[in-house]
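Subject: Structure handover

Hello,

The structure you asked to take over is below. My notes on what was found in it follow.

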Amino acid sequence: SAAWIASLLLSVFLATGTTGRDHLLLYLIPGVCCLPYVAENYLLGQPNHLLLALMLAAFVCLRSGKDWGAGALVALASALKAFPVLTIGYLIYRRRWKATISTLVFLILFLVVLPSPFRGIERNLQDLDTWTRGMLHYDAGSISQRQQRGFSWSNHSLIAVAHRLLRPVNAHRRKDTTLFVNVADLDFKYVNAAIVLTALGVCLFYLICTPPHTERTSSSDALEYAMLLLLILIFTPLAFTYFFVWLLYPVVVGLHLVLTAPPRSPQRIKGWLWFWTSILLISFTIPVSAFRPLQAAGSTLLACLLLFVGIGWKLRVGARNRPSGGQASTP
């Protein structure tokens, strides 16, 4: 509960630069829209609330130039659950070398040094090797050793959705019940090719939208961070429903973009249409059996992509309209 509250407060702070004096809707609408994911975390005892709070706190550290603290927070989140480690790609892209080194150093501390007095160096390294080989296992029959659940409707990652749409794989979580949503019957290798091409396209869009280092501002950083969280969700091989509590921050950012548009302007009208379409897709996560075919077809992934493209477009437009010589947000 504390992590949930902290995540909401940090989300508004990163999006607006203030906390407590902002529009009430920035707290109300994202909090309500993400309730299905929040409930999943409570129900299953998952730490994704805490991971989001750690990531947002790391972004605050990055924005204030405290790179070592940012790296430590990213490493802690990655040690608890591995997928936040993808943030290293962003740190390298932005040449935040101190944060990158800090992340690696603290990962070694959390994963190797601290457990060794209890497990021993050799057994601890064996544990890490066993876990890594198991989680990186990927073939036509399973993702990370989850033979049925990996391809089921509850996994909303790009990898899982691509296989459900392009191959006749059972999208139900139980083997004795079938659910097929595929629109094609491609070979495993061709599905992988489609996944790689889509991932490259998404990454290229991110690179095109993000401004050069000298033109960054606190506002542009807020949009960058939202897109980064969406990228991590999209690329994580196992992205079950409770993972998408991370949508809290992108939803706050998207809503803030709409609310700051001129009243009754075409920008605000289009913004509301974009925002509520994304929320509609998110709402299909409500645990109703009638929504499972939509979830299997990728409604949650589509919501992530829609938010990603909309925020990226706004970031790109803002970079073009920004006067030259703007001061960067980092030292």
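First a term: helices here are DSSP runs of H or I with at least four residues, numbered from the N terminus. Please also keep in mind that this is a predicted model.

The nonpolar cores

The largest nonpolar core has 86 residues. Within this core, the residues with the most contacts are F59, W246, L247, Y249 and I311. Helix 12, which covers residues 218–235, gives the most to the core, with 12 residues. A separate core of five residues lies apart from it, and W153, A171, L179 and V181 are among its members.

What does W246 touch, once residues up to four places away in sequence are not counted? The list is N48, L51, L52, M55, F83, P84, L229, I232 and L233. Of the partners of W246, F83 also appears in the lining of the largest pocket, described next.

The pockets

The largest pocket holds about 780 Å³ of space. Its lining is made of 27 residues, and those nearest the centre are K81, A82, F83, W131 and M135. By class, 20 of the lining residues are nonpolar, five are polar and two are charged. Helix 5 (67–80) and helix 9 (121–135) each supply at least two residues of this lining. Helix 9 has the largest share, four residues.

The second largest pocket has a volume of about 380 Å³. Lining this pocket are 14 residues, with Q267, K270, G271, W313 and K314 nearest its centre. They divide into eight nonpolar, four polar and two charged. Helix 13, helix 14 and helix 16 (299–321) each contribute at least two residues to the lining, and helix 14 gives the most, with five.

Helix 13, helix 14 and the loop between them

Helix 13 runs over residues 248–259. At 1.5 Å a residue, its 12 residues should span 16 Å, and the C-alpha atoms at its ends are 16 Å apart, so the two values agree. Is helix 13 enclosed by the rest of the structure or exposed? It is largely enclosed, because 12 of its 12 residues are buried. The buried residues are L248, Y249, P250, V251, V252, V253, G254, L255, H256, L257, V258 and L259. One of these, Y249, was listed above for its contacts inside the largest core.

R264 sits in the loop between helix 13 and helix 14. Although R264 is not a glycine, it has a positive phi of about 60°. Its relative accessibility is 75%, and because exposed means over 50%, R264 counts as exposed.

Helix 14 covers residues 266–283, and S278 lies in it. In contrast to R264, S278 counts as buried, with a relative accessibility of 0%. Leaving out residues up to four places away in sequence, S278 touches A303, L306 and L307.

Other positions to look at

Helix 3 spans residues 35–44, and its residues P36, Y37, V38 and N41 are buried. G45 follows helix 3 and has a positive phi, near 65°.

S144 is a residue other than glycine with a positive phi, near 50°. Where is S144 placed? It is in the loop between strand 2 (142–143) and helix 10 (158–166). S144 is buried, with a relative accessible area of 4%.

L91 belongs to helix 6, residues 87–93. At 2% relative accessibility, L91 counts as buried. In sequence, L91 and D67 are 24 residues apart, while their C-alpha atoms are 9.8 Å apart in space. Not counting residues up to four places away in sequence, L91 touches L62, R96, A99, T100 and T103.

Where to begin

If you want a starting point in the viewer, W246 and its contacts lead into the largest core. From there, K81, A82, F83, W131 and M135 mark the part of the lining nearest the centre of the largest pocket. For the second largest pocket, begin with helix 14, which gives five residues to its lining.

Regards

Note on methods. Residues numbered from 1 in each chain as written. Predicted model: local features only at pLDDT ≥ 70, side-chain atom pairs only at ≥ 80, totals over all residues. Heavy atoms only, no water. Core = buried A, V, L, I, M, F, W, Y, C linked by side-chain atoms within 4.5 Å. Buried < 20%, exposed > 50% of the residue type's maximum accessible area, 1.4 Å probe, protein only. Contact = heavy atoms within 4.5 Å. Expected span 1.5 Å × (residues − 1). 1 Å grid on protein atoms, 1.4 Å probe; cavity = no way out; pocket = protein on both sides within 12 Å on 5 of 7 lines; lining within 4 Å. Points joined across faces, edges and corners; volume = space filled by probe spheres on them. Nonpolar A, V, L, I, M, F, W, Y, C, P; charged D, E, K, R; others polar.
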